[in-house]
Amino acid sequence: PWLGPPPGQSPACNRFLVPAKDMGGPVEIPQGNYFFYAYHGPFYTLQRQTLYLGPGDTTLDFALTPLMLMPPGAVSADLHVHGAASFDSSIPELDRVLSFAAAGVDVIVATDHDVAHDYGDMVMKLGLQQRLSTIVGVETTGHIPFLYAPDNIYPLVIGHYNFWPIRYQPGTPREGAPFDEYLEPGQLFDRVDPLYSDPAISIAQLNHPWADPQFGRDLGFPRAIGINALHDLPDHDDGTANGLYVRQPGGGHHNNDHQTQEVMNGGRNEQLLAYRQFWFWGMNNGQLKTGTANSDSHGLTDDTVGSPRNVVYAGTRAGPAFDLTRFNQALRDGKSFGTNGPVILATLDQDNGDEVGFGLALIKPKKGGNLHLQVAAAPWVPVEEIRIVVNGKVAKTISGTGLTHPQDPFGTGGTMRYLGDVALSEVLPASGDAWLVVEAGAVLPLSADLGGGPDGAPDGIPDTGDNNGDGRVDASDIAPGKTYGPLKDPNPPQDETDPRYHFAQVVTASYPMSFTNPFVLDLDGDGKFTAPKGGR
């Protein structure tokens, strides 16, 4: 039986929070056989106990060990968080904050729907101010269809955007968040500008860019307007959907002036392949946006709290000395990677002889240089392959005997899965500039673009998975009554001998995945980045 209903406080759907100090007394559980997992985020060991619970009291003791996977000078952050201030969440604030502390997250951005909110008082009440920092933000959430995209007869809304840091203004409409209806994204960015508490390091984030509409309301602007990723972006509004994406509607910001874009959203990875491809297409068109990974959690059970998350090389620590300026600037610079488990450390040799990490700054690589890679993960997080992606294509895969695999998922050994160098000459193009991203985790599910565009034609974005499990993606995988889709996650492992089994118990309906932000490479040495273009 479920331990607690899905909405609201702990316990909920067999998940309950264990605070550092007793704050609620015992938990009552129907008698029976149980697996109990103790989880403190992806950078700790995992423990499990199996036992029969009968009448009377039972005490369970777990000891989780930090695995020293976090890079020096980095903090973990979830940039998309909902609590009871959101109209679609009912988790109490105490449980909201405690859940992120329990998951080992360092920094959380409050992004409730259409209302600014501050978790700072609850952090103080719980005594977590030494190890958890919070930022006031908002997720703007248009509800009134008004925008007519090219070749679309129905009015649209512009999807969801996160903004931080917002000045928290209790007692005012939306507590300091903007009115966001009847505005194109560029106009919305203009309206938010005076609401930032520090405009110099402000961030606007494009959320779940290719999410399915809900209740007739679009959740991602690029999908809503019908972006065609088989074509390049124009440099002005040319009357197409791609032109609408770059339009400057109010004389200030353009519609694509966000600094970060979600590549992973939520513990469930259904739309990861679509978000990932849109990000890749944008970079091929010179849109160098920081890719992020966020839980978008609205409770305890909809997604695993803090999974995925961002590891940000901010040069600051959570707690009273947390430096928001350094944190946001690191995000704007692409000095972060997204993960629900695997940790990627990557540098490459640049022309001056130094090694440099990933980020949005232009790099001139050394001729004959190498990409230096380390991939590590907790023993319960399987790493099946490492992918080196160049200009949107997988240029090299490391798998099989090239990786190590721990034998004991509940142990502490075997965290280093790969340590080695890859010659840049193996993966980079012979001419033109390039960008390079490193990924690690599971083998990605099969997918294809079978016609998810507004007119039923392919649009360059994956839309259908291997839904019948025959090892290929074709018309037989399309759901009845549809012309494409859906994308499909791998089936949850049922056999405990499967390396993915324990991961799947604590990270809901997901598979291991991590990605770096890009290395932006000036291969022709002219001091600028020339995007490779070429549609897909």
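P11 is found in the segment before strand β1, which spans residues 32-38, and in this predicted model the peptide bond that leads from S10 to P11 is cis, with omega near 0°. A second bond of this kind runs from S307 to P308, where the peptide bond is cis and omega is near 0°; P308 lies in the loop between β10 (290-294) and β11 (309-312). For a reader new to such angles, it helps to know that most peptide bonds are trans, and that most residues other than glycine have a negative phi.

The loop between β7 and α3 holds residues that depart from the second of these habits. E175 is found in this loop and has a positive phi of about 55° although it is not a glycine, while its relative accessibility of 21% makes it count as partly exposed. Y182, whose place is in the loop between β7 and α3, has a positive phi of about 60° although it is not a glycine either, and at 49% relative accessibility Y182 counts as partly exposed.

The loop between β7 (160-164) and α3 (185-192) also contains E184, which leads to the salt bridges, of which the model has twelve. The table gives three of them, with the distance from N to O.

| Pair | Distance, N to O |
|---|---|
| R247 and E184 | 2.4 Å |
| R276 and E439 | 2.7 Å |
| K364 and D351 | 3.9 Å |

R247 lies in the loop between α5 (241-245) and β9 (260-265), so its salt bridge with E184 ties together parts that are 63 residues apart in sequence. With a relative accessibility of 25%, R247 counts as partly exposed, whereas E184, at 9%, counts as buried.

The salt bridge between R276 and E439 links distant parts of the chain, for R276 belongs to helix α6 (residues 272-284) and E439 to strand β20 (residues 434-441), 163 residues apart. Both R276 and E439 are buried, and they are linked with E385 and R387 in a network of salt bridges.

In the pair of K364 and D351, K364 sits in the loop between β15 (359-363) and β16, and D351 in the loop between β13 and β14, 13 residues apart. K364 counts as partly exposed at 41% relative accessibility, and D351 counts as partly exposed at 44%.

Strands β13, β14 and β16 belong to an open sheet of four strands, which has the order β14-β13-β16-β19 and antiparallel pairing. Because β14 (355-357) and β19 (416-423) stand at the edges, each with a single partner strand, one side of each is left without a neighbour in the sheet. Neighbouring strands of this sheet are turned by 20° against each other on average, direction ignored. Within the sheet, β13 (residues 343-349) and β16 (residues 370-376) run antiparallel and are joined by six bridges; A346 has L373 in β16 as its bridge partner.

Helix α7 (residues 324-332) has F327, N328, A330 and L331 as its buried residues. Seen down the axis of α7, these buried residues fall within an arc of 155°, so they line one face of the helix. This fits a general feature, since an α-helix has 3.6 residues a turn, so residues three or four places apart point the same way. At the start of α7, a side-chain oxygen of D323 reaches to within 3.0 Å of the backbone nitrogen of T325, and α7 is followed by G334, whose phi is positive, near 75°.

Definitions and conventions: Residues are numbered from 1 along each chain as its sequence is written. This is a predicted model: local features need pLDDT of at least 70, side-chain atom pairs count only at pLDDT 80 or more; totals for chains, interfaces and linings use all residues. Side-chain values use heavy atoms; hydrogens and water are left out. Two strands pair if DSSP finds at least two bridges between them. Helices (H or I, at least four residues) and strands (E, at least two) are DSSP runs, numbered from the N terminus. Axes are lines fitted to C-alpha atoms, for helices over the stretch in contact, and angles run from 0 to 180 degrees between N-to-C directions. Buried means under 20% relative accessible area, exposed over 50%, partly exposed in between (1.4 Å probe, protein chains only). The arc is that of the directions from the helix axis to the C-beta atoms. A polar contact is a pair of N or O atoms within 3.5 Å; within protein, one must be able to donate a hydrogen and the other to accept it, and residues adjacent in sequence count only if both atoms are side-chain atoms. A salt bridge is a side-chain nitrogen of Lys or Arg within 4 Å of a carboxyl oxygen of Asp or Glu.
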